[in-house]
Amino acid sequence: GEFLSLVLQHIQDYHDIMASSQSHSDDICFLRSLAQLSLQCLSRLVQLRNETFDKNPTKGIPGLAPIFGEEFVEEIAAPMKFFLQLEPNIVEADLMELSLGASELILNLMHPHRPRNEACVPSIRDDILIPLTSPESSHIRVVESRGRTVAMIAELASKSVVMAVEHTVPNYAGSAGGAVINTSAFAVEDEELAMKRETAALSRMQDVRDVFQNVGKVILVPFLKERGNFDALEEETTRRVLHAFLAIFDIAPFAMESQLETLLDDHAAPIIDYLKMNCRERRLEQEEKKQQNSNNRNHGETGHEIFETSYEGDEFGNSPDPLHQPPAPPVQLPPIYQTIPKPPAIITSIRQLESTLDSITANLENQDPELWDERLAALVDVECLLAGGVSSTLGVEARHLFIEKIRKMPMTDQFQDLRSQITNQACRVIVALSYEYREYVREDGSLGVAVQHFVDCCTPSILKLCCSGTRLMATQGMNCMLCLAAVGGSTGYPRTVSNFCDDI
């Protein structure tokens, strides 16, 4: 206790001198070094405490007294807010070490597996992060530094979300790259890991949602300006914040998108479009690098020189031989369709859509136990229609027709089926529908009511699935409910809460 008090006193002494008119004191360099070492010491102590607790999180440490809890955060809040504003070009460059040290300490305090009696994320959010990002904050020492401070807080919050996902799904990096696993067993496992990533990210983002809202509002004005009409500081702040958002979007796109839509309403659209475009470009670059490395390895094995071939036609303007055309690039589907059993179905007319849905309904209404595979194929066809863009390509009439037809299908019976293949595909269908309709329910009130009614009708059956005695099917139900919360957009399904209460 005395050692900790001494360390905190070093930090407080330097903060008091820098915040006063005595910053020219001869002892300033010495006190600065002491403050830097104190921050490093505290970060390491918190890190060791986290590692000790993490080895046995269920029992914890017997007789563990809270040290780095809410009272500790309240004590360091003022110095941390001061240090997080020490950015280059505003003050001396060497003071950046204090800012980085403060960031590392806060990140360790926000570790997902802290001792239970030291959980202090709400205190960090309310006492440090929100005051530094709030538009009406009085904690910003220099107005010009606000953009850089907000960017640093965005990076800090983003790292805490990624850290929470890493801790929940340690091997998320292997799945986030978008690789498709063909083996069905691994495909199911990859899908469950993706759901766990989304849930972990959504949970941590909910903890600091006000911080993300403040950060999003800061970059809205320069982000919506025409390029060239904002200054260098606005450009740097926007770039850093978007890069922080992209780090989350890479591993949990639904969680990031739903939170932005909820916090920023219609203003979130250009930011989400930017994230989707950059995420798609990065994945394409990764695929190109993998293909290039594969070609280089093949070249090294055969010893033949690689020549580039042009496919723009010969000198007379003739079209190239179609047999020698390069293969068309694969269609980039959202991650939700990463393990879709069949290719997306493209519908070109309302009549074709109605005929297809009638056929699907007929197959689902067939209760013959021997024909369960036809019901499974019908559910797969529904997901393929959604993946093919039926809600976006044919307009309002197709959206209303689709939801009215699917509401008349015996979907609730599929969640109560005894075969896990049927229940799994039923969960995929309702999540895919919620994802595809998330934008349109805000613009079309009657469509929103229809989608809400469909989800309400299915919720009791999904909750029963969560209580199944078969572990695999119970996991399917839990993951389905979590995904509905993640992809429901800014409107969500408020009446679902009453269904929870009724079931309990």
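**Exercise 1. Which residues in helix 20 meet which residues in helix 21?**

Bear in mind that the model here is a predicted one.

Step 1: place the two elements. Helix 20 covers residues 445–466 and helix 21 covers residues 471–487.

Step 2: list the contacts. From helix 20 come Val455, Thr459, Ile462, Leu465 and Cys466. They meet Met473, Ala474, Gln476, Gly477, Met478, Cys480, Met481 and Leu484 of helix 21.

Step 3: sort them by class. The contact of helix 20 with helix 21 divides into ten nonpolar residues, three polar and no charged.

Step 4: add the geometry. The pair packs at an angle of about 145 degrees, its axes 7 Å apart, and the crossing is left-handed.

**Exercise 2. Work out how helix 4 packs on helix 6.**

Step 1: get the numbers. Helix 4 (residues 96–109) and helix 6 (residues 146–168) have axes 10 Å apart, at an angle of about 35 degrees.

Step 2: check the handedness. Helix 4 passes helix 6 in a right-handed crossing.

Step 3: find who touches whom. Met96, Ser99, Ser103, Ile106 and Leu107 are the helix 4 residues, and they meet Met152, Leu156, Lys159, Ser160 and Met163 in helix 6. An α-helix has 3.6 residues a turn, so residues three or four places apart point the same way.

Step 4: classify. The contact of helix 4 with helix 6 has six nonpolar, three polar and one charged residues.

**Exercise 3. Compare the expected and actual spans of helix 4 and helix 11, then look at burial in each.**

Step 1: take helix 4. Its 14 residues should span 20 Å at 1.5 Å a residue, and the end C-alpha atoms are indeed 20 Å apart, so the two values agree.

Step 2: ask about its surroundings. Eleven of the 14 residues of helix 4 are buried, so this helix is largely enclosed by the rest of the structure. Among the buried ones are Leu98, Gly101, Ala102, Leu105, Asn108 and Leu109. Also on that buried list are Met96, Ser99, Ser103, Ile106 and Leu107, and these five meet helix 6.

Step 3: repeat for helix 11 (residues 253–264). Twelve residues at 1.5 Å each should give 16 Å, and the end C-alpha atoms are 16 Å apart, which agrees.

Step 4: count the burial. Helix 11 has eleven of its twelve residues buried, so it too is largely enclosed by the rest of the structure. The buried residues of helix 11 include Phe254, Met256, Leu260, Leu263 and Leu264, and also Glu257 and Glu261.

Step 5: look just past the end. Asp265 follows helix 11, and its phi is positive, near 55 degrees.

**Exercise 4. How many disulfides does the structure hold?**

Step 1: go to the total, which is zero.

Step 2: test Cys427. Its nearest cysteine sulfur, on Cys480, sits 3.9 Å away, and Cys427 is in no disulfide. The cut-off is 2.5 Å, so a pair of cysteine sulfur atoms must be within that distance to count.

Step 3: test Cys466. This cysteine is in no disulfide either, and the nearest cysteine sulfur, that of Cys467, is 6.4 Å away.

Step 4: check accessibility. Cys427 is buried at a relative accessible area of 6%, and Cys466 is buried at 17%.

**Exercise 5. Are Ala432, Asp413 and Phe30 buried, partly exposed or exposed?**

Step 1: start with Ala432, in helix 18 (residues 420–437). At 1% relative accessibility, Ala432 counts as buried. Leaving out residues up to four places away in sequence, Ala432 touches Ile336, Tyr337 and Leu386. Cys384 is 48 residues from Ala432 in sequence and 9.6 Å from it in space, C-alpha to C-alpha.

Step 2: move to Asp413, in helix 17 (residues 411–415). With a relative accessible area of 38%, Asp413 is partly exposed. Asp413 and Thr423 are ten residues apart in sequence, with 9.2 Å between their C-alpha atoms.

Step 3: finish with Phe30, in helix 2 (residues 28–55). Phe30 has a relative accessible area of 55%, so it is exposed. The C-alpha atoms of Phe30 and Tyr14 are separated by 9.3 Å, with their positions 16 residues apart along the chain.

**Exercise 6. Put the whole chain in view.**

Step 1: tally the secondary structure. The protein chain has 22 helices and zero strands.

Step 2: gauge burial. Of the 504 residues in the protein chain, 46% are buried.

Step 3: check contact range. Among contacts in the protein chain with a separation of 6 or more, 76% come from residues 24 or more positions apart.

Note on methods: Residues are numbered from 1 along each chain as its sequence is written. This is a predicted model: local features need pLDDT of at least 70, side-chain atom pairs count only at pLDDT 80 or more; totals for chains, interfaces and linings use all residues. Side-chain values use heavy atoms; hydrogens and water are left out. Buried means under 20% relative accessible area, exposed over 50%, partly exposed in between (1.4 Å probe, protein chains only). Axes are lines fitted to C-alpha atoms, for helices over the stretch in contact, and angles run from 0 to 180 degrees between N-to-C directions. Helices (H or I, at least four residues) and strands (E, at least two) are DSSP runs, numbered from the N terminus. A crossing is left-handed if the near helix is turned anticlockwise from the far one by less than a right angle, and right-handed if clockwise. Contact means heavy atoms within 4.5 Å. Ala, Val, Leu, Ile, Met, Phe, Trp, Tyr, Cys and Pro count as nonpolar, Asp, Glu, Lys and Arg as charged, and the others, Gly among them, as polar. The expected span of a helix is 1.5 Å times one less than its number of residues.
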